[in-house]
Amino acid sequence: MGRFVLFIICTYVITMPFYLFSSGLPQPADMIIAIGGFFFFFHKNFLQTIKLSIFKRVRQLIFLIFLINTLYWFYYFGVKGVANKIYFPTIYYVFNFLFMVMMVYVLSKKDKYIKIIVTCIVVSLSIQVILALLGIQRQIINSSRGVIFFNNPNQLGYYSLSMLTIITILLQKIQLKKLTIFIIIGLSAYLVLFSGSRAALAGILLLGGINMYQLGFKLNFGYLILILTFFICLPFVINSDFVQKKIDLIESRNNRNTHSNISEAQIRGYDRIYLNPQYIFLGAGEGKNDRFTSHHELEIHSAFGTMLFSYGILGLLLLLSIINESIKKNRLLGAVILLPILVYNITHNGLRNSLLWGILGAMSVVLLNKEKNDKKN
């Protein structure tokens, strides 16, 4: 079963950047998780894995989501004869739960499995960089930002940041060559720059610094030559058309609301929370956004804001509890590594992306094993 679950995870990592359907619908990679999770669900190791303390809170959160989305709001609108798909997000959280369980199970097995996952991440990032360099991507109307085969640029930025976060976590358990880590950071940084994602770019820089620190980066002749080469080439890179266009794009996005009466909070849908405060306590569920008073018609651009508004104070507390549970064996190290992805989720909603839940699962396993190894030594 270990090899089967490993195959599912690796296949997901490589295929998840390829979106064939509209956002909000299951993509091919989601179907892979569903198939793998279905078979793993009936295996004895599934029940053993979900006994871990972190899954207690995850199960409670999924039950709350099911209660609010399906048993209350879907039924409420159904009785009124109003068509809705509020039940649909619940399915995503079940997928995410399955992926998280599979990640925890595989990472608890052999270190060889972890190295295979790292290899698949490098392959996945490399494929996306090659596609970006060749200019092979779908065209998005009225957008100069890169998407490759995602549906929007933020998804590409989030994917790149998530991949580097997983690598940073796994480096707590295995060792990689410094050159390999440099390459991974470079691939991730290029894709984030290509996407024009401001939040992801800041996260990549922070994770790059964390990896350099953990590697015990020390100057020697080889690294000195590398640094000198970097600074010699830096002006040419910065002045290149590609980098200049991306810098101009990020600056224009920062200044887009300077001369308008629309705030960033309105654009990202945060105003929905204080304009409809009655939902903070019981939760509004996810979907049918036309029932809310808000400038933004789509979902709230914040994982934490979405959890608070959609599932109430209890939902937000459960999410925070899951995060705390994932890093409890070493809160300082865990918080530092998770900081970029969590900051990103303050201004973007990555809750329905399985990678976030895989990251939390990976963190809980790696820190637990790290604590055990430290005690042995």
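The following exchange examines the secondary structure, selected residues and internal cavities of a predicted model.

Trainee: How many helices and strands does the secondary structure of the chain come to?
Mentor: This is a predicted model, and the counts refer to its single listed chain of 377 residues. The secondary structure of that chain comes to 17 helices and zero strands.

Trainee: What percentage of the residues of the chain count as buried?
Mentor: The exposed surface of the chain is about 18,400 Å², and carbon and sulfur atoms supply 67% of that area. A residue counts as buried under 20% relative accessible area. Of the 377 residues, the share that counts as buried is 50%.

Trainee: Among contacts with a separation of 6 or more, what percentage do residues 24 or more positions apart account for?
Mentor: A contact here means heavy atoms within 4.5 Å. Among the contacts in the chain with a separation of 6 or more, residues 24 or more positions apart account for 78%.

Trainee: Is Leu156 buried or exposed?
Mentor: Leu156 has its place in helix α7, which spans residues 153-170. Beyond residues up to four places away in sequence, Leu156 touches Gly146, Val147, Ile148, Phe150, Leu191, Phe194 and Ser195. Because its relative accessible area is 0%, Leu156 is buried.

Trainee: What distance separates the C-alpha atoms of Leu156 and Gln128?
Mentor: Leu156 belongs to helix α7. Along the chain, Leu156 and Gln128 are 28 residues apart. Their C-alpha atoms are separated by 9.4 Å.

Trainee: Ile148 is among the residues that Leu156 touches; what is the phi of Ile148?
Mentor: Ile148 is found in the loop between α6 and α7. With a relative accessible area of 0%, Ile148 is buried. Although Ile148 is not a glycine, its phi is positive, at about 55°.

Trainee: Where is Lys288, a residue other than glycine with a positive phi, found?
Mentor: The phi of Lys288 is near 50°. Lys288 is partly exposed, with a relative accessible area of 26%. Lys288 is found in the loop between α14 (279-282) and α15.

Trainee: Why does Asn151 count as buried?
Mentor: Asn151 is found in the loop between α6 (111-134) and α7. Buried means under 20% relative accessible area. Asn151 is therefore buried, as its relative accessible area is 16%.

Trainee: Which side chain is joined to that of Asn151 by a polar contact of 2.6 Å?
Mentor: Leaving aside residues up to four places away in sequence, Asn151 touches Tyr19, Phe21, Ser22, Ser23, Gln27, Arg138 and Ile140. One polar contact links the side chain of Asn151 to the side chain of Ser23, at 3.1 Å. The polar contact of 2.6 Å joins the side chain of Asn151 to that of Arg138.

Trainee: What is the volume of the largest cavity?
Mentor: Rolling a probe the size of a water molecule over the atoms shows where empty space is left. The structure holds two cavities of 30 Å³ or more. The volume of the largest cavity is about 50 Å³.

Trainee: Which helix supplies the largest share of the lining of the largest cavity?
Mentor: The lining of the largest cavity consists of Ala303, Phe304, Leu319, Ile323, Leu342, Asn345, Leu351, Leu356 and Leu360. By class, these are eight nonpolar, one polar and no charged residues. At least two lining residues come from each of α15 (303-327), α16 (331-347) and α17 (354-376). The largest share, four residues, comes from α15.

Trainee: Which helices each supply at least two residues of the lining of the second largest cavity?
Mentor: The second largest cavity has a volume of about 40 Å³. Val58, Leu61, Ile62, Tyr93, Asn96, Phe97 and Trp357 line this cavity. The helices that each supply at least two of its lining residues are α4 (53-79) and α5.

Trainee: How many polar residues does the lining of the second largest cavity have?
Mentor: Asn96, one of the residues lining this cavity, lies in helix α5 (residues 88-107) and counts as buried at 0% relative accessibility. Not counting residues up to four places away in sequence, Asn96 touches Leu351, Arg352, Asn353, Ser354 and Trp357. By class, the lining has six nonpolar residues and no charged residues, and the number of polar residues is one.

Note on methods: Residues are numbered from 1 along each chain as its sequence is written. This is a predicted model: local features need pLDDT of at least 70, side-chain atom pairs count only at pLDDT 80 or more; totals for chains, interfaces and linings use all residues. Side-chain values use heavy atoms; hydrogens and water are left out. Buried means under 20% relative accessible area, exposed over 50%, partly exposed in between (1.4 Å probe, protein chains only). A polar contact is a pair of N or O atoms within 3.5 Å; within protein, one must be able to donate a hydrogen and the other to accept it, and residues adjacent in sequence count only if both atoms are side-chain atoms. On a 1 Å grid over the protein atoms alone, a cavity is a set of points where a 1.4 Å probe fits but cannot get out, and a pocket is an open set with protein on both sides within 12 Å along at least five of seven lines; lining residues have an atom within 4 Å of a point. Grid points are joined across faces, edges and corners, and a volume is the space filled by probe spheres set on the points. Ala, Val, Leu, Ile, Met, Phe, Trp, Tyr, Cys and Pro count as nonpolar, Asp, Glu, Lys and Arg as charged, and the others, Gly among them, as polar. Accessible areas come from the Shrake-Rupley method with a 1.4 Å probe; for residues, only the protein chains shown count as cover.
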